[in-house]
Amino acid sequence: LPAVPRTNVILPGGEGSIEAGTGDEKSHSFKMPKSYVPDEADRIAEESAARLAESTAALVEITESWKDKYGPLPPSLQRKLKTLHLHACLRTLGIDLVGTAKSPRGKGSDCVLRSPGLRPRHWAHISKSLPRGVPTKGLDVVFPARFVDGTEDVEVEGGVKIDPLLLTAA
């Protein structure tokens, strides 16, 4: 998987958050227009609150408060909020990273979703409940070696029956 390009760091004492990164990635962090919230300290606090929203409902509540304080949301901010809503939904599903990686099959790119809480035994259980009892074709899962009591990572290919012993060891 690609390295996590940035992450939110929660500051102590409820002071908000900052985004930390490697410094070499493009800035894709959530930023509010300066014209919408002119005061820098207020803008940073509002950006932090939005980035840390635990759900889309919390994000809606935050944006409603912005409308009361600062007026109607500018279109550029509305577009950025759609991304934050997506991130909140993904966090609910246990996904903490979305990206792309060059396909090992040589054609195009694959979408990569990282879910640090997904373990092989979970995937085996989920797969049994799917139609035909196998993961969806095209949905491949890679487990680090430490999760499968092995020396190499294990890739479970979608559309293929899973060996339950392979996945239930960890």
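This is a short guided tour of side-chain pairs, a loop residue or two and one helix in the structure above.

Before you start clicking, note that the model is predicted, so local features need pLDDT of at least 70, side-chain atom pairs count only at pLDDT 80 or more, and totals for chains, interfaces and linings use all residues. Residues are numbered from 1 along each chain as its sequence is written, and side-chain values use heavy atoms, with hydrogens and water left out.

**Stop 1: an aromatic pair**

Select Phe30 and Trp66. They form a stacked aromatic pair, 6.3 Å centre to centre with 10° between the planes. For the pairing, rings of Phe, Tyr and Trp (its six-membered ring) need centres within 6.5 Å; planes under 30 degrees apart are stacked, over 60 edge-to-face, and the rest tilted. Phe30 sits in the loop between β2 (17-21) and α1 (40-51) while Trp66 belongs to helix α2 (residues 56-70), so this pair ties together parts 36 residues apart in sequence. Helices (H or I, at least four residues) and strands (E, at least two) are DSSP runs, numbered from the N terminus.

Now colour by accessibility. Phe30 is buried at 5% relative accessibility, and Trp66 is buried too, at 0%. Here buried means under 20% relative accessible area, exposed over 50%, and partly exposed in between (1.4 Å probe, protein chains only). A search of the whole structure finds two aromatic pairs.

**Stop 2: salt bridges**

Next, show Glu46 and Lys69. Their side chains meet in a salt bridge at 3.0 Å, N to O; the term asks for a side-chain nitrogen of Lys or Arg within 4 Å of a carboxyl oxygen of Asp or Glu. Glu46 is in helix α1 and Lys69 in helix α2, so the pair ties together parts that are 23 residues apart in sequence. What is the burial state of each partner? Glu46 is buried at 10% relative accessibility, whereas Lys69 is exposed at 53%.

The structure holds two salt bridges, so stay with α2 and add Glu64 and Lys67, whose side chains meet at 3.3 Å, N to O. Both lie in helix α2, three residues apart, about one turn of the helix. Glu64 is partly exposed, with a relative accessible area of 38%, and Lys67 is partly exposed at 37%.

**Stop 3: the loop between α1 and α2**

Centre the view on Ala53, which is in the loop between α1 and α2. Ala53 is buried, with a relative accessible area of 5%. Leaving aside neighbours within four places in sequence, Ala53 is in contact (heavy atoms within 4.5 Å) with Ala58, Leu59, Ile62, Ala88 and Arg91. Try a distance label to His85 as well: Ala53 and His85 are 32 residues apart in sequence and 9.0 Å apart in space, C-alpha to C-alpha.

**Stop 4: helix α4 and the loop after it**

Select α4 (120-129). Which residues of α4 are buried? They are Pro120, Trp123, Ala124 and Ser127. These cover an arc of only 100° around the axis, which puts them on the same side of α4; the arc is that of the directions from the helix axis to the C-beta atoms. Turn the helix around, and the face away from the buried side carries the exposed residues His125 and Ser129.

Finish at Arg132, in the loop between α4 and β5 (141-143). Arg132 is exposed at 70% relative accessibility. Check its backbone: phi of Arg132 is near 70°, a positive value in a residue other than glycine. Most residues other than glycine have a negative phi.
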